[in-house]
Amino acid sequence: MSPLVQELVIAIVKVLVLIGVLLGVFSGMTYIERRVLAFMQFRLGPNRTGPFGLLQPVADGIKLFFKEEVIPKGANAWVFVAAPAVSILAAFLAIAVVPWGGTLTLPGFLPAWLADRRIDLQLANLDVGVLYLFAVTSLGVYGIVMAGWAANNKYTLIGGLRSSAQMFSYELALGLSFVTLIMGAGSFRIGDIVASQAGGFWRWNIWPWEQGFAFLFYIVAQTAEVNRTPFDLPEAETELVAGFHTEYSSMRFALLQMAEYVNMITASAVGASLFFGGWLSPFPGVLDSGFYGLFGVMWFVLKVAGFLFFFIWLRGTVPRFRYDQLMSFGWKVLVPLATINIMLVAACTLWWNAK
Amino acid sequence: MTPETLDAVVFYFFAALALVSAVGVVAQRNPIYSAFSLIVTMCSLSAIFGLFGSPFIAALQVVVYAGAIMVLFLFVLMLLNVKTDEPHEGRGLRAVAVVLAVVLVAQVGSVLAGAGLRLAGSFDAGTRQVARVLFEPRFAYAFEATSVLILAALVGAVLLAKKDL
């Protein structure tokens, strides 16, 4: 097997594992969100299907599978069918640059070309990792715009346009929050940003003496990007029927929901990498590497789970923004503050380097 | 399958995609489909930039063009509900168009033929190189002046669009 084919096989296996994990986590998330939200609202949530309601995602999947697929009359059929595909494409593409562990060392009992091989647990260690993330998030807006427009329904059109306006307004704040991270790490690669947080809990990017203010902007901007409460007006039931996915049924609706949840998982994974030290252990030297490098994966999973819980917690706690409040907050508050943050961090970096 | 052949295959694929979608921009009757074709063109161009060894410009192409400018194009098209173009009349106009197109092709072709084109090897246009060129004294002034120009356009657009400030 030539080295090129070996690399190709390893890459394909990584892709398949990632897709499988993402789909599994998505279905788990639908159940966990309902349960956790219910407990926060002092009720029980789904607990009838299977023990503790654990088979609820299976039941949901079966239900959605057997529903009738409707394409509304007068709708643009091509765009209507393509929109969920574009959404899910952008959602899955973004996960390619996230490092979900350090380096995996394969055990020795595998065939010769695999034994003791070190595999980078990141699909693509791009030179412009953070910028690529930004680019793919921008492409995700198209799925929503297309979904809203293609259904030949003025409410979905308004919902789609509102959602995309919200998304690219907060993309600005998101990009501006990334700039300080790039300045701090000196590189666009997410692996380098993770490595710049080495040295334990007190060196993670979440603290104010590292890049803490960027974290505040990041969390607000990502919540708006993923259309989660308090920024989920595009899906608000009381406002716009169901927003841009009103006319979608069965598997296409499932695809749109999948795109939203996978976006949320990606946002959590990116946040964990950029601000919480990625796959690094909070106690340097304890449970750091060893065991074939799987401890890194464990820490990363824990951090992503914490982030996801935070998103659900936010949904159960905070009321929704009105649309004009949302837009004015994004443009008039977040963008100026993020710009000031960049100037401050740049000044500090220059002063620190001149010493 | 050497890296060179893989390079060539990927390049020709994206170049063909860019050409086809560019023709689609002009040839489509539904303006929304034209906008989608333009998005595909932008993404193909971004892929070609990536092939040339400048991932920075590739990502920027997607972020700026496909991610921001085309979204706003689509906004306007969708809100204004621009209908499918009906074929216009005027056979005389079509003859004039053909003549002008032939003249344009002849001019461009003569310029290209006399330019002595060679295949570009891959060059290193990563982030550092682009930043160095942008901020060196030769181009720094133009760069900053362009940002002021864009700010002026922004203010003008807001002024034109708002009824009462």
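**Salt bridges, chain interface and surface features**

Arg228(A) forms a salt bridge with Glu33(A), in which the closest N and O atoms are 2.8 Å apart. Because Arg228(A) lies in the loop between helix 7 (212–225) and helix 8 (237–240) of chain A, and Glu33(A) in helix 1 of chain A, the pair ties together parts that are 195 residues apart in sequence. The model is a predicted one. Both partners are classed as buried: Arg228(A) has a relative accessible area of 3%, and Glu33(A) has one of 1%. Each value falls under the 20% limit for a buried residue. The pair also belongs to a network of salt bridges, in which Glu33(A) and Arg228(A) are linked with Arg315(A).

A further salt bridge involving helix 1 of chain A is formed by Asp60(A) and Arg34(A), with 3.5 Å between the closest N and O atoms. This pair links distant parts of the chain, since Asp60(A) is in helix 2 (residues 56–66) of chain A and Arg34(A) is in helix 1 of chain A, 26 residues apart. Neither residue reaches the exposed class: Asp60(A) is partly exposed, at a relative accessible area of 23%, and Arg34(A) is likewise partly exposed, at 37%. In chain B, the side chains of Glu136(B) and Arg138(B) meet in a salt bridge with an N to O distance of 3.3 Å. Here the two partners fall into separate classes, as Glu136(B) is partly exposed with a relative accessible area of 24%, whereas Arg138(B) counts as exposed at 64% relative accessibility. Over all chains, the count comes to seven salt bridges.

Across the interface of chain B and chain A, by contrast, zero salt bridges are found. Polar contacts between chain B and chain A amount to two residue pairs, both at pLDDT 80 or more. The elements of chain B that give two or more residues to the side touching chain A are helix 2 (31–51), helix 3 (55–80) and helix 5 (127–135). Helix 3 of chain B provides the largest share of that side, with 15 residues. In total, 24 residues of chain B are in contact with 24 residues of chain A.

The size of an interface is often given as the accessible area lost when the parts come together. For chain B and chain A, the buried area is about 1900 Å², and carbon and sulfur atoms give 82% of that area. Val63(B), Phe75(B) and Met78(B) supply 28% of the area that chain B buries against chain A, more than any other three residues.

Within chain B, Ser46(B) is located in helix 2. Ser46(B) counts as buried, at 9% relative accessibility. When residues up to four places away in sequence are not counted, Ser46(B) touches Ala58(B), Gln61(B) and Val62(B).

On the surface, a nonpolar patch of about 500 Å² is made by Leu4(A), Val5(A), Val9(A), Val13(A), Val17(A), Val21(A) and Val25(A). One of these residues, Leu4(A), is found in helix 1 (residues 3–40) of chain A. Leu4(A) is partly exposed, with a relative accessible area of 45%. This value is over the 30% required of a patch residue, so Leu4(A) meets the accessibility condition for inclusion.

Backbone geometry was examined in the loop between helix 1 and helix 2 of chain A, where Phe42(A) lies. Phe42(A) has a positive phi of about 65 degrees although it is not a glycine. The residue Phe42(A) counts as exposed, at 81% relative accessibility. Phe52(A) is also placed in the loop between helix 1 and helix 2 of chain A. The phi of Phe52(A) is near 55 degrees, again a positive value in a residue other than glycine. With a relative accessible area of 62%, Phe52(A) is exposed.

Definitions and conventions
Residues are numbered from 1 along each chain as its sequence is written. Chains are lettered from A and ligands numbered from 1 in the order in which they are written. This is a predicted model: local features need pLDDT of at least 70, side-chain atom pairs count only at pLDDT 80 or more; totals for chains, interfaces and linings use all residues. Side-chain values use heavy atoms; hydrogens and water are left out. Patches are made of residues with over 30% relative accessible area and no salt bridge: like charges are joined within 9 Å, nonpolar side chains (Val, Leu, Ile, Met, Phe, Trp, Tyr) within 5 Å. Accessible areas come from the Shrake-Rupley method with a 1.4 Å probe; for residues, only the protein chains shown count as cover. A salt bridge is a side-chain nitrogen of Lys or Arg within 4 Å of a carboxyl oxygen of Asp or Glu. Helices (H or I, at least four residues) and strands (E, at least two) are DSSP runs, numbered from the N terminus. Buried means under 20% relative accessible area, exposed over 50%, partly exposed in between (1.4 Å probe, protein chains only). Contact means heavy atoms within 4.5 Å. Buried area is the accessible area (1.4 Å probe) that two parts lose on being put together, summed over both. A polar contact is a pair of N or O atoms within 3.5 Å; within protein, one must be able to donate a hydrogen and the other to accept it, and residues adjacent in sequence count only if both atoms are side-chain atoms.
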